[in-house]
Amino acid sequence: MPQIMDMLSENPDEDRVSLQSNGKKATDGAAKKNLNMMKKFRNSMKKATEQSPLSHKSKNYKVKFNEGTTGNEIGSASSHPPPSPSLSASSPATSPQKKMLGFFQKKEDPSPQKDKQLTRSNTDPNLSRFSESLVKKGESIRRSLRFPRKTDDSDKKVGETPPITDANSLAEMTEEEEDGVMDVFEEIDELYTLPEIPHTPLSVMQINKLIVNEVLEEAHMNLLALRLEFQRDQEQFVKDCPVELCTKEKDLNLLYRDLMNKISSIVRDSNSFPARNKGLLVLVARIIQEEEKRAKEPGGLSDSWMTAWKEAVCQGVEAKVKSVHLEQKDQNASWLAVHLGLLGKVIVEDLETVKRDLRWSYPPSFKVFSTYLKSYHRVVGLHLKKLEQQTTELKDLYQLLDWILNKYKSEMVMGSLPLQPDMTDESTDLLLEEDFLKHLKEKYCSRIKEDMRTTLGRVIELENEFIWRVKKQPEKEDNFLKSEFPMDIWTNVKGNIQNSRRLHAELEQRVISSLLEELKNFPERFETEFQNHCSALKPQQLWTEYQITYINSFTALQQHMEGYHDSCPDEVEGFRKEVKGLIERLLQGLEKQFKEDVESYLRRMMTRKWLTSDDDFNHLHKRIELLSKHCDLMSPPHVQEFVSRLHYHVVREYIGQLMKNNYTCKNQKHEKAAIKIRQQWDKLTYLFEEMKSTNKWLHPVGDDLGNIIGQKNNSDIKNHLQPLLEHYPDFNKKHLVAVLHFRGLTNGRDHQLILRRLTALKEETDSSSSVRSQVLFEDMQVTSNTDCLHILPFSCLCSS
C-alpha cells in the first residue's frame, strides 16, 4: 500500500500524506488535512499516557519506579505513538480501543484532560510494563491495518531516552501476542462522532482507489461529501435534470456499490483472518451505522447496509462450512460421520473466534455473536439438506438424524463450554426447511423397513445354505431344538429400536411399527421356502426335528416381539397371528405324521392277532416313546397342547376298535382280553403322564371298559355301568352294545337287562353337568348294527 507508506516520513515535522490517482497527486489541502490528523492521533496517545492512573501526574495513584528509571524515560516512552491509519482527528475515549484507534472522533481541545483516566486492570503493573503495552498496542493497530512500521530513528528528538521496549522486539511480536493485546479490548461504544466531512470531495477515481486500498474512512468521508454535493445540486435543479446531475448520481451509486462490496468482502473473510481485519471492522461498523442513519437521504443505495452486513456474515459462514473436508462414499464407509464431526468442530472454533475477537470490533447493536450463530443455524440447515440427498444407507441416515436431533444441541457443538454463557439466551435449533425433518424421518423408517426385508431374506438363504441343503442336524439350546435366526432377527430389531429411541421417542414408535409390519410377512415366506427345500425329507426323523426346531424358533421370536405390545398393539397382534398360524401348521404336520405312523398299529387292536400277539402294541408303544423324545425337544407352551391332542387321538382310536365289531371273545376269552386291555392301558397312561398331557380325564376309560368286559357273570355287568357314565356321560346304548358284542354277549335276557340299566342310569344323570370338552364316545364310529332288540317289550325280556 504505497499511499499509506507515504504518510510516514523520516522527520515527524515533515510528515505528508499523498494520494495518487491516475499518476496525479492529491490537493495541497488534503495533504495538510492528513498531516493534521496524524498529529492529532499522536496527541491523543500522549493524553492517554498523561491520564493513566500510573502517570506521575495522577493524584490518586502512587507508582514505585524501578531503580535507574527517570521521568524523562517515561515521557519518552509515551511520546511517540505509532502513526494513525485514520485521516480524522482523534479524541480521548472511554475504552482502550478508542484511545488507540481514534476512529470517527470529533475534534477536541488540545489541552490535556487530567480528570479522565484509562481503565485499569485488576493487577498493578509497573510503569515500564504500561509503557511497553502501550507501544505494543500501537504497533498492533498498525499491523492490523497493514501499516508499515518506521524502522529508523530519525524522528527521535535529541536527548530523548529510548523506550523500555525496543523496536526490534516489537517487530518480532508474534501473532499470539497480538491476539493477547486485542483481548483486553472492550466492546466499542454504540455512539460515535463523525469526522469532519471534506468541503470538496476527491475525484471519483481517487475515491475508488481508496476503496480498493481499504482506506475506508477517508473513502467514506469523501463519498459523504460527494453525496452532499449531489443533494445541493438536486435541490438547485428541482425541475430540470441536467446530464451532470445524472452522471454524479451514477458515480455515487457505483462508488457506494464498490464500498458495499468491499465491506462485504472484509466481513466475509473476517472470521477466517480475525487479526488482519480487527481495525477495519471498526470502520466497517461505523460506516454501516452512518449509512443506516442516512438511508432515506438521496444519493445512497436502496439496499440496507445492515442487511448486506448480515448477508456477508452468512457468506463467510457458508465458506467455512464448504471448507470442511468431505470424502466420497466409495472412499470411506464412515464419510458422513467423519464429516459431521469435523463440521461440529469448525462451528465451535469459528464461534469461539467471533466471541473472542470479532465482536469487540462492533457496537452492541450489531449483536455479532447472535448474528453469526443464526447464520450457522441457516447455512448448516441448507448444508444438511444437500447431504441428505447423498445419503442412502441406514447408518448414514442415523448419523444425520442423530447429529440434527442430539449432537448439534449437545456439548459437542452448541452446548460447548467455550461458547457459554453467550448461548444462554440463544436458540440452539437448526433452521431447517419445512418438512425436511419429517421427510428425513420417513426416509429413515422406510430404509429400516427395506433393510429388515433384506435381512429376513438373507436369514432364509443362510438357513438353506447351511442347514437344509447339507441336511445338518439342528442344534440344541437348553435341551430344546432351536435355530440361530430368531436371535439374529431380534438383535437387529432391538438395535434399530434402541437407536431410534436415542434419536426421538416418536421416531421409536414409528420404527417399531415399520419393523413389525415387515416381520408380519416373514412366517409365510419362511414356511414356503422350508416346504420347497425340505418336503422331500418327510417322513424322516430329520424332517420332524426341523419342524420342532422352527416351532421353538418362531415361538421365541414371538415372545421377543411381545415386549412391544404396549407401543404397537395392532402390529404385535398381527405378527402374533401370523406366527400362531405357522406354528399350528407345523404342529399339524407333526400330528399328521404321527397319526400316519400309528394308524396301522391301532387298526389291529381288539382283533384275534392282538389277543394272541403283542407286536402291534409294542410298535405303537415305541412310536409313542419316540413322540415323547420329540416332545422333550419342544419348548413350552405348545408341547403340552400338542401332547394332549395326540393323547386323545390314541385313546379314541384304541377304544374305538371296540366299536368296529372286528372280533368277538368266545369261550371265556373275554377275561384274557380284559387283562390285556388293563395292562396296555397302564402303559399308555404312563407314557402320556410322563409327557404331561392335560387330558387326565381319559385315564379311567380303559379300566372302566375292562371291568365290563372282564366280568365272569353277565348279570354283574350292569353293576359296573355307573362309573363309566360318570366319567363319560356321552357313552350311550350303541357303544354299550358294541362293547358287549366284543365280550361275546350279543343277545339274551342279560343283554337286555344291561341295556335297560344303562337307560335308567342315563335318565338319572344330569346331562347338563357333562363337560363338552370332555367328549370321547359321542362322535366315535360304531359299525355293528345291534339296535334291533331294543324294541322288544320288557315282559318278553323277563319271561323265563
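**Exercise 1.** In this predicted model, decide whether S270 counts as buried or exposed.

*Solution.* The relative accessibility of S270 is 0%, and buried means under 20%, so S270 counts as buried. To place this residue in the fold, note that S270 belongs to helix α10, which covers residues 243–270.

**Exercise 2.** Find which residues S270 contacts once its neighbours within four places in sequence are left aside, and state which side chain shares a polar contact with the side chain of S270.

*Solution.* With those neighbours left aside, S270 is in contact with N277, L281, L358 and Y372. Turning to polar contacts, the side chains of S270 and Y372 are joined by one of 3.2 Å.

**Exercise 3.** Work out how helices α8 and α10 are oriented towards each other, and list the residues through which they meet.

*Solution.* Two packed helices are described by the angle between their axes and the distance between the axes. Here helix α8, residues 204–212, packs against helix α10 at an angle of about 10°, and their axes lie 10 Å apart. Angles under 35 degrees count as roughly parallel, and α8 and α10 are therefore roughly parallel to each other. On the α8 side the residues are V204, I207, N208, I211 and V212, and they meet D251, L255, D258, L259 and K262 of α10. Sorted by class, this contact has six nonpolar, one polar and three charged residues.

**Exercise 4.** Identify which residues touch the most other members of the largest nonpolar core.

*Solution.* The largest nonpolar core has 182 residues, and among these Y654 and I655 touch the most other members. Leaving aside neighbours within four places in sequence, I655 is in contact with W681, V701, L705, F777 and M780.

Conventions
Residues numbered from 1 in each chain as written. Predicted model: local features only at pLDDT ≥ 70, side-chain atom pairs only at ≥ 80, totals over all residues. Heavy atoms only, no water. Axes fitted to C-alpha atoms, helices over the stretch in contact; angles between N-to-C directions. Helix = DSSP H or I, 4+ residues; strand = E, 2+ residues; numbered from the N terminus. Parallel < 35°, antiparallel > 145°, perpendicular 65-115°, else oblique. Contact = heavy atoms within 4.5 Å. Nonpolar A, V, L, I, M, F, W, Y, C, P; charged D, E, K, R; others polar. Buried < 20%, exposed > 50% of the residue type's maximum accessible area, 1.4 Å probe, protein only. Polar contact = N/O pair within 3.5 Å; in protein donor to acceptor, adjacent residues only side chain to side chain. Core = buried A, V, L, I, M, F, W, Y, C linked by side-chain atoms within 4.5 Å.
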